[in-house]
Amino acid sequence: MPRAFLIVMDSVGCGGAPDAAAFGDEGANTLGHIAEACAAGRADTGRSGPLRLPVLDALGLGRAVELASGLLPPGLGAEPAGRWGAATEVSKGKDTPSGHWELAGVPVPWDWHYFPDSCPSFPEDLTAEICRRAGADGILGNRHASGTAIIDALGEEHLRTGWPICYTSADSVLQIAAHEERFGLDRLLALCEGLAPTVHGMRVGRVIARPFVGQPGAFTRTPDRRDYAIAPPAPTILDVAAAAGRATHAVGKIGDIFSHRGIGRLHKGRDDAALFDRLDALAETAEEGALIFANFVEFDTLYGHRRDVAGYARALEWFDGRAGGFLARLRPGDMAIFTADHGNDPTFRGTEHTRERVPVLIAGTGAGPLGLCAYADVAATVAAHLGLPNPGPGRALP
């Protein structure tokens, strides 16, 4: 039986979303603008020259960017040996759950709740519940913020008071940062897990635990982040595969994103390099007929939000190198899809995700253009390859 590998390069968008202006993101193009910056010599820290992605470009990456946005990225545009296209999202969000759920066959049927960009951001009753569950007399932050910046700004006060640092963003999310030693990792995770039902009831997508360590001037976030996401409103491709008795493997934060529904085994790692080791191992060992769903988050967390163009380019080139080794491990009949959940253009204003189309690159099933498609078509394509019912409104790509 064939296997399917669905690999999400978190935030690696390719521009061109028809509703980008409604999100304040008109003109954003994560891949296109990184390639332009590299070609112009503006991304030479730790690397140099044009963006080099020979493996993904051979699958059709450059052509997918051109299809999505009209821009053929400098250094890309090889004649594709894979199947390639670009997908458009219909869910009313540019966040992780919206993108992943729709890729898995379930567009979001509601409008997310977003906390206002004010101080305080959170309603008084929610703040009171955070304090009660944390056993603290108050919270710090209570505003929109970059995670690393607010830890730098408030970490010392957090160490002194023991109050959790609470913040949000343009996403539908409540994030709580706390020192793993001063506050305690288990205490932080229990706080976020306990808050999740209340926050989900507000149609807020996620409560995220953001542990950190270190001293003032030298705080660093740890890999022990945990996302407590609202459950998808309908069965996803993971649920369908599990119900059919297929093995399902979640690599990275996929388990958290889908509230651990439809997932047989979790494969975690301290960074994307460790996660790619897990993916390589699964290419060797995963069962016949299995679905392997992976997320590589560091494009987004380390480089997109921090608007680090050179760092993003380095991460893309590293990933491309690993992708070649992974593809060589696949068995005859396997299918691998490389895609993304949203954009995070590091050349764009602000620090938030950007509304963009995403590339859809398929290895193992021939070559040729897929055209413009829908996120939900990815799930339909996986289902068709595995001989499973289609979980959503998408159509299997030809």
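Which residues in α4 meet Tyr375, Ala376, Val378 and Ala379 in α13? I come back to that pair of helices in point 7; here are my notes on this predicted model.

1. Let me start with the overall annotation. UniProt, in an unreviewed entry, marks residues 3–388 as "domain: Metalloenzyme". That span is 38% helix and 20% strand, and its end C-alpha atoms lie 12 Å apart.

2. The record also offers two sets of positions worth looking at side by side. For "binding site", the unreviewed UniProt entry lists Asp10, Asp341 and His342. These residues gather at one spot, because no two of their C-alpha atoms are more than 7.1 Å apart even though they span 333 residues in sequence. The feature name "binding site" is also placed by UniProt (unreviewed entry) at Asp300, His305 and His353. This set is spread over 54 residues of sequence, but it clusters in space, with a largest C-alpha distance of 8.3 Å. Asp300, His305 and His353 are included in the lining of the largest cavity.

3. Asp10 is a good place to begin a closer look. It sits in the loop between β1 (4–9) and α1. With a relative accessibility of 0%, Asp10 counts as buried, because the cut-off for that is under 20%. Beyond residues up to four places away in sequence, Asp10 touches a long list of partners, among them Thr96, His100, Lys253, Asp300, Asp341 and His342. Its side chain also makes a polar contact of 2.9 Å with the side chain of Asn295. The contacts of Asp10 with Asp300 and with Asp341 and His342 tie together residues from both annotated sets.

4. His342 belongs to the loop between β12 and β13. At 1% relative accessibility, His342 is counted as buried. Its side chain is in polar contact with the side chain of Asp341, at 3.2 Å. Setting aside neighbours within four places in sequence, the contacts of His342 include Asp10, Lys94, Asp95, Thr96, Asp300, His353 and Tyr375. Two of the other annotated set, Asp300 and His353, are therefore within reach of His342, given that contact means heavy atoms within 4.5 Å.

5. His353 is found in the loop between β12 (335–339) and β13 (358–363). Is His353 buried or exposed? His353 is buried, with a relative accessible area of 2%. A polar atom of the His353 side chain lies 2.9 Å from the backbone oxygen of Lys94. Leaving out neighbours within four places in sequence, His353 is in contact with Asp25, Asp171, Asp300, His305, His342 and Asn344, among others.

6. His305 makes a useful contrast. It lies in the loop between α11 (298–304) and α12 (309–329). Its relative accessible area is 22%, so His305 is partly exposed, whereas His353 is buried. Apart from neighbours within four places in sequence, His305 contacts Asp300, Asn344, Thr351, Glu352 and His353.

7. Now for the helix packing, and the opening question. Gly99, Glu102 and Leu103 are the α4 residues that meet Tyr375, Ala376, Val378 and Ala379 in α13. Helix α4 (residues 96–103) packs against helix α13 (residues 375–386) at an angle of about 40 degrees, with the two axes 6 Å apart. That angle makes α4 oblique to α13. Note that Tyr375, one of the α13 residues meeting α4, is also listed among the contacts of His342.

8. A second helix pair is worth a look. Helix α1 (residues 30–39) and α12 have axes 10 Å apart and pack at an angle of about 105 degrees. The two helices are therefore roughly perpendicular to each other. On the α1 side the residues are Thr30, Leu31, Ile34, Ala37 and Cys38, and they meet Val309, Tyr312, Ala313 and Leu316 in α12. Tyr312 of α12 is also touched by Asp10.

9. Finally, a word on strand β4 (residues 165–168), which holds Thr168 and Cys166. Thr168 is buried, with a relative accessible area of 0%, and Cys166 counts as buried at 0% relative accessibility. Outside four places in sequence, the contacts of Thr168 include Phe115, Phe122, Arg143 and Val173. Counted in that way, Cys166 touches Phe122, Ile130, Arg143 and Leu174, among others. Cys166 and Thr148 are 18 residues apart in sequence, with their C-alpha atoms 12 Å apart.

Definitions and conventions:
Residues numbered from 1 in each chain as written. Predicted model: local features only at pLDDT ≥ 70, side-chain atom pairs only at ≥ 80, totals over all residues. Heavy atoms only, no water. UniProt positions renumbered as here; feature names shortened; annotations may be inferred. 1 Å grid on protein atoms, 1.4 Å probe; cavity = no way out; pocket = protein on both sides within 12 Å on 5 of 7 lines; lining within 4 Å. Helix = DSSP H or I, 4+ residues; strand = E, 2+ residues; numbered from the N terminus. Buried < 20%, exposed > 50% of the residue type's maximum accessible area, 1.4 Å probe, protein only. Polar contact = N/O pair within 3.5 Å; in protein donor to acceptor, adjacent residues only side chain to side chain. Axes fitted to C-alpha atoms, helices over the stretch in contact; angles between N-to-C directions. Parallel < 35°, antiparallel > 145°, perpendicular 65-115°, else oblique.
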